[in-house]
Amino acid sequence: MSASPAKDPEQPDHLIDHIKTAAAARTPLRITGGDTKAFYGEAVAGQPLSTRDWTGIVSHEPTELVITVRAGTPLADVEAALAEAGQCLPFDPPRFGPDAGAASTIGGVVAAGLAGPARATVGGVRDFVLGAQFIDGRGEWLSFGGQVMKNVAGYDVSRALAGSMGTLGVITHLSLKVLPVAPAEATLVFRLDQHEALAQLHRWGGRPLPLNASCWVRDDTAADRPDLLFVRLRGAVAAVESACEVMLRDAAGGERMDNAQAGPDWAACRDQALPFFLQPPSPDLCLWRLSLPQTAPVIELPQPQLVEWQGAQRWLWAPASAAAQIRAAAAAVGGHATLFRAGADGAPGVPRFDAQSPAIRAITRRLREAFDPQGIFNPGRMG
């Protein structure tokens, strides 16, 4: 533990008092921000504790590439402030539902740990968390990390909050690393089946190309239902232009998209607003997320898939009853499967997350016991 995030002149006393009262009575708390990701994970029963009124940018140091914000600050506000300085959150944080950019909070972004199309090349949420302040299950306000890289001695608790789903504490402040917006961007599209697309992505991945994101999907909105691979490039102007020439030579039949068209498409991919996500084959099907090694081969399952992260993230619609088959297929190539969105029947009895290994389960249990000894924060959210 080292220097704390930028100091806020105010203290979240209302949150601290609420948690102390709940801890004394052992009252479960359901932590919420914008509640845009309430579907993710197991259902939680508890007294609501919202961070939505704890908002504001504490500091933004464009030259230092760091921003410190209160956890209830809308994601849209954070991105707007960064855009004014020509900067961004490189991991493409997704937002779900209408007006979700305004509804999603920066605390929820980190707590959920979800990243968008650029995740495979720039890193995940945890890679951009420099420091954090949060309230533990005793009502103590703790600080970890700081505002620079390489500032942590011992266990990096601030980054452990990423993806913790509110089970370790209530995040109040975050210091995040940001990056300048890339000078140039281009999107290429190729007609390739999934085998060809993965093989080509792996070849490109071994070369010095400014790859930023990829998405393979079958376009069911077109009459001939083509298999399409979209690849986004970001970087210096010369590097992007050179890469476009190289890649269009490598794969026949490719073409460059207009950025005015490609930009909204990538945003729709990030926010699960593409037809693949909005039009499931049947309302009783569940959306499954497969997290795999990038080099994993095509997973032979009967359901149609959408593939991101150069092969490391794959989505499919399938019934809850296919859980064992899907999880076995993912495990066979060194990955795991998550029931991301339940179907119309709610998928009763099917765990949302794959079982953890004994070692990871033991570490997770000890962390929760250390920071939330009464088990009041989002009980059962992660299964």
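Start by selecting α9 (259-270) and β16 (313-318): each of these two elements gives at least two residues to the lining of the largest cavity. What you have open is a predicted model, so take the tour with that in mind.

**Stop 1: the largest cavity**

Keep α9 and β16 on screen and add Pro94, Ala115, Gln272, Gln313 and Trp315, the residues nearest the centre of the largest cavity. They belong to a lining of 15 residues. How much space lies in this cavity? About 110 Å³. Try colouring the lining by class: you'll get 9 nonpolar, 3 polar and 3 charged residues. If you go looking for others, the count is 3 cavities of 30 Å³ or more.

**Stop 2: the largest nonpolar core**

Now clear the selection and pick Leu89, Ile106, Val110 and Leu176. These are the residues with the most contacts inside the largest nonpolar core, which has 30 residues. To see where the core draws from, show β4 (66-70), α2 (75-84), α4 (106-112), β6 (129-135), β7 (141-145), β8 (170-177) and α12 (358-371); each supplies at least two of its residues. Which element gives the largest share? That's α4, with 4 residues. In soluble globular proteins, nonpolar side chains tend to be buried together.

Zoom in on Val110 next. Setting aside neighbours within four places in sequence, Val110 is in contact with Val125, Val129, Leu161 and Ala162, and also with Gly163, Ile171, Leu174 and Leu176.

**Stop 3: another core**

Apart from the core you've just left lies another, of 26 residues. Select Leu274, Leu285, Leu287 and Trp315, which are among them. You've met Trp315 already, as one of the residues nearest the centre of the largest cavity.

**Stop 4: Leu15**

Jump to helix α1 (residues 13-25) and click on Leu15. Is Leu15 buried or exposed? Its relative accessibility is 1%, so Leu15 counts as buried. Show Leu49, Ser50, Ile135 and Thr172 too: Leu15 touches these four, not counting residues up to four places away in sequence. Then draw a distance from Leu15 to Gly139. The two are 124 residues apart along the chain, yet their C-alpha atoms are separated by 8.4 Å.

**Last stop: colour by confidence**

Finish by colouring the protein by pLDDT. The average is 92, and 95% of the residues score at least 70. Where does the score drop below 50? Select residues 149-154 to find one such stretch, which has 11 contacts in the model beyond near neighbours in sequence.

Definitions and conventions. Residues are numbered from 1 along each chain as its sequence is written. This is a predicted model: local features need pLDDT of at least 70, side-chain atom pairs count only at pLDDT 80 or more; totals for chains, interfaces and linings use all residues. Side-chain values use heavy atoms; hydrogens and water are left out. On a 1 Å grid over the protein atoms alone, a cavity is a set of points where a 1.4 Å probe fits but cannot get out, and a pocket is an open set with protein on both sides within 12 Å along at least five of seven lines; lining residues have an atom within 4 Å of a point. Grid points are joined across faces, edges and corners, and a volume is the space filled by probe spheres set on the points. Ala, Val, Leu, Ile, Met, Phe, Trp, Tyr, Cys and Pro count as nonpolar, Asp, Glu, Lys and Arg as charged, and the others, Gly among them, as polar. pLDDT is the predictor's confidence in each residue, from 0 to 100. Contact means heavy atoms within 4.5 Å. A nonpolar core is a set of buried Ala, Val, Leu, Ile, Met, Phe, Trp, Tyr and Cys residues joined through side-chain atoms within 4.5 Å. Buried means under 20% relative accessible area, exposed over 50%, partly exposed in between (1.4 Å probe, protein chains only).
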